[in-house]
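The exercises below are to be worked through with the sequence and the structure side by side. Each one sets a task and then gives a solution in steps.

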Amino acid sequence: MSYDPTSHLLLTPEDAEAPRRVVRLRELGIGDAPVPEFDEFARKLARVTQAPYAMVNFIDEHRQYFAGLYTPAIDQAVELDPAAAPTARPGRVMARDHGYCPHVVVRRKALVLEDVCDYPRFAGNPVVDEIGIRSYLGAPLIDHTGMTLGTVCVVDQEPRPWGRQGLETIKSMAAELVEQINQRECGDS
């Protein structure tokens, strides 16, 4: 067996929980349409972290869906055009192999990338060239059943010194949104 140290660098992590997640998201009625409360949450997340882009992201086997999205200068998101220049804005739908949220979901842990270019595993991600993403801060949304539903995250086109404060902020914001999702479920019963 030969070892290629670069073979794992660009791979999106395997997500064995995805089929069960899709079922859980359907039960909750989230993950495939914009949710005004999640858009508002993304706006709050952007304000708290002072990041230009913020998302509430749900991931299935093939794609990511931003049910909550905040981008500068627009309230309505557009679909991401893979041929667009790096000035493109994140859209509501993104391929599963783009971005860093799939890593957060599989790891079930927050991820802080102050400058994605400092990490060979993440620097080659398509969002670097297609959207110009240079920094990422995200945390998993783990509901009361123990299922990782998705993530909350913020990104910037400039390196950001998120630090421990950023990590604590994104984790507490994720916990706040999980509580909101749990309340939605109780309210629907």
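**Exercise 1. Identify the element that gives the most residues to the lining of the largest pocket, and describe that pocket.**

Solution. In this predicted model, helix or strand contributions to the lining of the largest pocket are headed by α1, which supplies three residues. Next, place that contribution in its setting: the elements with two or more residues in this lining are α1 (18-28) and β1 (53-59). The residues lining the pocket include Val 22, Leu 25 and Arg 26, together with Phe 58, Ile 59, Asp 60 and Arg 63. Gly 29, Ile 30, Gly 31 and Asp 32 are also among the lining residues. Finally, the volume of this pocket comes to about 190 Å³.

**Exercise 2. Determine how many cavities of 30 Å³ or more there are, and describe the lining of the largest cavity.**

Solution. The count gives one cavity of 30 Å³ or more, and the volume of the largest cavity is about 110 Å³. Its lining consists of 15 residues, of which Met 55, Met 94, Gly 99, Val 127 and Val 155 are the closest to the centre. Turning from residues to elements, those that give two or more residues to this lining are β1, β2 (63-70) and β6.

**Exercise 3. Trace the strand pairings of β5, and state whether this strand is mostly covered or mostly uncovered.**

Solution. Begin with burial: β5, which spans residues 135-142, is mostly covered, since seven of its eight residues are buried. On one pairing, β4 (residues 111-113) runs antiparallel to β5 and is joined to it by three bridges, with Leu 113 having Tyr 136 as its bridge partner in β5. On the other pairing, β5 and β6 (residues 148-156) are also antiparallel, and eight bridges join them. Here Tyr 136 has Val 155 as its bridge partner in β6. The last step concerns the connection: the hairpin of β5 and β6 has five residues between the strands, and Gly 146 there takes a positive phi near 90 degrees.

**Exercise 4. Classify the aromatic pairs that involve Phe 122, and compare the burial of Tyr 119 with that of Phe 122.**

Solution. The structure holds four aromatic pairs. For Tyr 100 and Phe 122, the ring centres lie 5.5 Å apart and the planes stand at 85 degrees, so this pair is edge-to-face. The pair links distant parts of the chain, because Tyr 100 sits in the loop between β3 (93-95) and α3 (101-107) and Phe 122 in helix α4 (residues 120-123), 22 residues apart. Tyr 119 and Phe 122 form another edge-to-face pair, with 6.5 Å from centre to centre and 65 degrees between the planes.

For burial, Tyr 119 has a relative accessibility of 35% and so counts as partly exposed, whereas Phe 122 is buried because its relative accessible area is 9%, under the 20% cut-off. Tyr 100 is buried as well. As a last step, Tyr 100, Tyr 119, Phe 122 and Tyr 136 form one aromatic cluster.

**Exercise 5. Decide which stretches of the chain call for caution on the basis of pLDDT.**

Solution. Over the protein chain the mean pLDDT is 86, and 83% of the residues reach 70 or more. In residues 1-10, however, the pLDDT is below 50, and this stretch has five contacts in the model beyond near neighbours in sequence. Residues 75-89 also have pLDDT below 50, with 34 contacts beyond near neighbours in sequence. Where pLDDT is low, the predicted coordinates should not be read in detail.

Conventions: Residues numbered from 1 in each chain as written. Predicted model: local features only at pLDDT ≥ 70, side-chain atom pairs only at ≥ 80, totals over all residues. Heavy atoms only, no water. pLDDT = per-residue confidence, 0-100. Contact = heavy atoms within 4.5 Å. Buried < 20%, exposed > 50% of the residue type's maximum accessible area, 1.4 Å probe, protein only. Helix = DSSP H or I, 4+ residues; strand = E, 2+ residues; numbered from the N terminus. Pairing = 2+ DSSP bridges. Phe/Tyr/Trp six-rings, centres within 6.5 Å; stacked < 30°, edge-to-face > 60°. 1 Å grid on protein atoms, 1.4 Å probe; cavity = no way out; pocket = protein on both sides within 12 Å on 5 of 7 lines; lining within 4 Å. Points joined across faces, edges and corners; volume = space filled by probe spheres on them.
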